[in-house]
Amino acid sequence: MKYIYNSYLLAAIMLSAAQGMYAAIPSGYYDKCEGKSGKELLYALHETISTHTTVSYNGLWDLYKSSDVDENGKIWDMYSTKRWNGGEKCGSYQKVGDCYNREHSFPKSWFNDASPMVSDAFHIYPTDGKVNGQRSNFPFGECANGETLPSSGSVKALGRLGNSTFPGYSGKVFEPDDQYKGDFARSYFYMAACYNDRISGWNSDMLSGNSYPVFKDWAKNLLLKWTRSDLVSKKETDRQEAVYGRQRNRNPFIDHPELAEYIWGDKVGTPWYSDASSVSGELELPAAGSTIDLGYAAKGVRRSVTVRVKARNATSPVSVTVSGTGYTVSPASLTAAQANAGYDITVSINSADAGVKNGSLTIASGSDFKRVVPLTANVQSGLPIYDATNITSESFQVHWVYLNDASSYTLHVLNQGKEIAGYPRQVTGSAEKAEVTGLEPTTRYEFYLTSGSLASEHKYVTTSVLAPSIDIYYDGELAFQTVVGTPSEIAELLVRTENVEGDISVAVRAPFQISLDKTNWSTSLVLDPEEDRFYMRVYGDTPGNYTTSIKLTAGDYTADDAIATAVILKEAGSPDMIETFDVDESVQASYGPYKNNVTFQGTAFLWTLHNAGISGQSQDLALNGSYVIRFGNESDSSLEMAEDKPNGIGTVTFEYAKWNGDPDPVIDVEYSDDGGTSWTHVGSFTTSAVPSDGAKEVTHSVQVNRPGNVRLRFVQTEGKRLIIDNVAMPSYSFSGIESTAEYHQWDAFCRNGHLVIEAGVQGLNIAAYGMDGMTWYSDSPAVGQTEVRLPAGLYVVACNGFVRRVLVK
């Protein structure tokens, strides 16, 4: 189709510019992949990129500020037209444009939320929360009549959900916007390479259950189509370098997009080499296996498209010919230099009769290459018009081919044979598209165009059903902390649904537990349609850091974008995070003393140095026998966390000594709970100890005691050099729900068929009302739990202006 095919052409035109975008790839990075093809090449890539630094799931928010920003510094969204400020994170959402979250383009349910995949930035993008919810964990695909969510003001949703129309698969899929299809395809190829040793055990309709070819045939063909038609952009190469700076690995399919052909495409069996000069002449564009679709054309009217021809190492002139009635091409030949640089040719059709017209384009260069590319066009007797696109519950788009015959066309939209309100109306012919809005869901409409004596064929479209959604609301972050064998505090989660019928199944992964009544705990439960709340906690016998998605399923719709984290400690106050700064040699060499505003990945967190560096010199190693941070002799030397630590920070301990024969230094310790925007001072320390002194002399502690997401900063204020090491950060310790808001001073739920009212303080006036308005309970209960025997049914329990719905069953 024209309006889709032009996106392909634009991407192809960008190829030569894209080749110059790639930043310097580390010397020898792909050496072990040279000369390989197919399965062996894929595994060689795995060995090259699988060892990498794990970015924390919470650390993705900070990474996005450098990896996914546009020219104005806004967060770039691939699921909507919105550009976000950093603080507009989800939260909850009701419509497109409310907030952005972290989209696992390769759904985390396919690999059971396991690490490190669950926080690998190469497949996790900042996207609109509402569209992310619509995508759910459905496979990527193509769905010609899929549903696009309604716009909200000037913000348009990108992508659509519907039954697959791509050959080989008929299930429900999410189709991303054309301009990002290549990005997502190369993300999928990355996952196949990076996790090639484990991907055979993952579960998805796109995966074949093995380590090669990894993807089912339909998925492989889809991804190859996308990477061929949407070429690597500057957005991708910029993102590549930002992620490489954090994870210390690369996406090979951005550096060398042709790798996909050597592993899955038309080059399987041909050895791959990174140096293009070692490859004999070949044709890169049009890609092997592609078809050039000129879309709709009008009988007797010329229709032309631009096609890029791009060769590599061609040594002979390139001939360009077409076959098929009505087809022509210009020019008929290119020099080898023109083809190697990339050259645009024009393919046209002018047919005297209507119907689907097929032909072929042949591009050949001596003994270097010859490729025959199919051509197709749909010639119509009247105005050429396409099937409706971007179908939502209340709108759709009409597209046509402009014939240069009139400045405006008349668009007709009918329901049950009658023009709907506002139609017919005039549309600008050269715009070649129009939006039809204000429609009813699940309703069939008829539409067509007229211009003078010309008319298009009549097309039909049915608007989509109202999109289902399941949203979870909760206070703050779902970050739990407890000790082995002790239940954590309990969090209350509210559930809001739209266009969802029937029960909702809720599931989490151990050691997380959920409950309807705070007594019966498990990893799964079922919410009745009348129930709108459940509770969550953590309880386990093994210390460690844990993550789970909260999966809510109703019918074939699943929402699983809410994430909870937890820390289980061996004992109260024990540190769950210790930063030793024992980074690998390459990082140490890159960030040795002294550096300004340089960020590096430590053993536990990401850090930024200012007039400071990583030292392995002998006089420093006496502190602990490992790498340390050495501060310079400027009064603003600092060491700052570049990402938040979830679960808060309790009492921090660290080792600290002056350097060599310098005077006694002074260091300030500060924390930030707003992502590093502002800092709070918690302590100042001076020391006369030197690295060779005992542990008692060099160890210091300071109470931070802040819940939530927190980061630390150490600032040297006297211009005296010092060294610091082994920063231990236990999570913030607390028990029970911290909030003193009135809403959290009481609770109500069903247990064993009875209403249970839970009062946290004295003097609360609590009432329970039936749906008919009758008062079933009104009292000031004692602190603790009070059981009220009521008939089965739905009740509204109220206290001080706050209400909770409780289904007694």
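# Briefing: cores, helices and cysteines in a predicted model

In this predicted model, the buried residues of helix 3 (38–49) are covered by elements that include helix 6 (181–194), helix 9 (252–255) and helix 10 (259–263). Helix 6 is worth keeping in view, as it turns up again below: it gives the largest share, nine residues, to the largest nonpolar core. The model also holds one disulfide and 37 aromatic pairs. Here is a tour, topic by topic.

**Helix 3**

- Helix 3 is built from twelve residues and reaches 17 Å from its first C-alpha to its last, close to the 16 Å expected at 1.5 Å a residue.
- Its buried residues are Gly38, Leu41, Leu42, Ala44, Leu45, His46, Thr48 and Ile49.
- As general background, an α-helix has 3.6 residues a turn, so residues three or four places apart point the same way.
- Helix 3 is also among the elements that give two or more residues to the largest nonpolar core.

**Helix 8**

- Helix 8 (234–247) has 14 residues and reaches 20 Å between its first and last C-alpha, close to the 20 Å expected at 1.5 Å a residue.
- Because ten of its 14 residues are buried, helix 8 is largely enclosed by the rest of the structure.
- The buried set consists of Lys235, Glu236, Thr237, Arg239, Gln240, Ala242, Val243, Tyr244, Arg246 and Gln247.
- One of these residues, Lys235, places its charged end over the ring of tryptophan 76, 5.4 Å from the ring centre.
- Right after the helix comes arginine 248, whose phi is positive, near 65 degrees.

**The nonpolar cores**

- The largest nonpolar core has 76 residues, and those with the most contacts inside it are Phe106, Trp202, Phe215, Phe253 and Trp264.
- Two or more residues of this core come from each of helix 3, helix 4 (59–67), strand 1, strand 4 (124–128), strand 6 (172–175), helix 6, helix 7 (217–229) and helix 10.
- Apart from this core lies another, of 30 residues, among them Phe631, Val669, Tyr671 and Val702.
- Phenylalanine 106 is in contact with Phe111, His123, Tyr188, Met191, Ile199, Trp202 and Leu207, leaving aside neighbours within four places in sequence.
- In soluble globular proteins, nonpolar side chains tend to be buried together.

**Aromatic pairs and a ring with a charge over it**

- Of the 37 aromatic pairs in the structure, one joins tyrosine 79 and phenylalanine 184; this pair is tilted, with 6.1 Å centre to centre and 50 degrees between the planes.
- That pair links distant parts of the chain, 105 residues apart: tyrosine 79 lies in the loop between strand 1 (75–76) and strand 2 (83–84), and phenylalanine 184 in helix 6.
- Both tyrosine 79 and phenylalanine 184 are buried.
- Tyrosine 195 and tryptophan 202 form a tilted pair, at 6.1 Å centre to centre and 45 degrees between the planes.
- Tyrosine 195 is buried at a relative accessible area of 1%, and tryptophan 202 also counts as buried, at 10% relative accessibility.
- One aromatic cluster takes in both pairs, being formed by Tyr79, Phe106, Trp110, Phe111, Tyr125, Phe140, Phe174, Phe184, Tyr188, Tyr195, Trp202 and Trp226.
- Elsewhere, the charged end of arginine 804 sits over the ring of tryptophan 746, 4.4 Å from its centre.

**Cysteines**

- The one disulfide in the structure joins cysteine 90 to cysteine 99, with the sulfurs 2.0 Å apart.
- This link is right-handed, with 95 degrees about the S-S bond.
- Cysteine 90 is buried, with a relative accessible area of 17%, and cysteine 99 counts as buried at 4%.
- Cysteine 194 is buried too, at 1% relative accessibility; the closest cysteine sulfur, in cysteine 33, is 13 Å from its own, too far for a bond.
- Cysteine 799 is in no disulfide either, and the nearest cysteine sulfur, that of cysteine 750, is 20 Å away.
- Cysteine 799 has a relative accessible area of 1%, so this residue is buried.

**Glycine 86**

- Glycine 86 lies in the loop between strand 2 and strand 3 (100–104).
- At 33% relative accessibility, glycine 86 counts as partly exposed.
- Not counting residues up to four places away in sequence, glycine 86 touches Ile75 and Tyr100.
- Tyrosine 64 is 22 residues from glycine 86 in sequence and 8.5 Å from it in space, C-alpha to C-alpha.

Terms used. Residues numbered from 1 in each chain as written. Predicted model: local features only at pLDDT ≥ 70, side-chain atom pairs only at ≥ 80, totals over all residues. Heavy atoms only, no water. Helix = DSSP H or I, 4+ residues; strand = E, 2+ residues; numbered from the N terminus. Expected span 1.5 Å × (residues − 1). Buried < 20%, exposed > 50% of the residue type's maximum accessible area, 1.4 Å probe, protein only. Contact = heavy atoms within 4.5 Å. Disulfide = S-S within 2.5 Å. Phe/Tyr/Trp six-rings, centres within 6.5 Å; stacked < 30°, edge-to-face > 60°. Lys NZ or Arg CZ within 6 Å of the ring centre and 35° of its normal. Core = buried A, V, L, I, M, F, W, Y, C linked by side-chain atoms within 4.5 Å.
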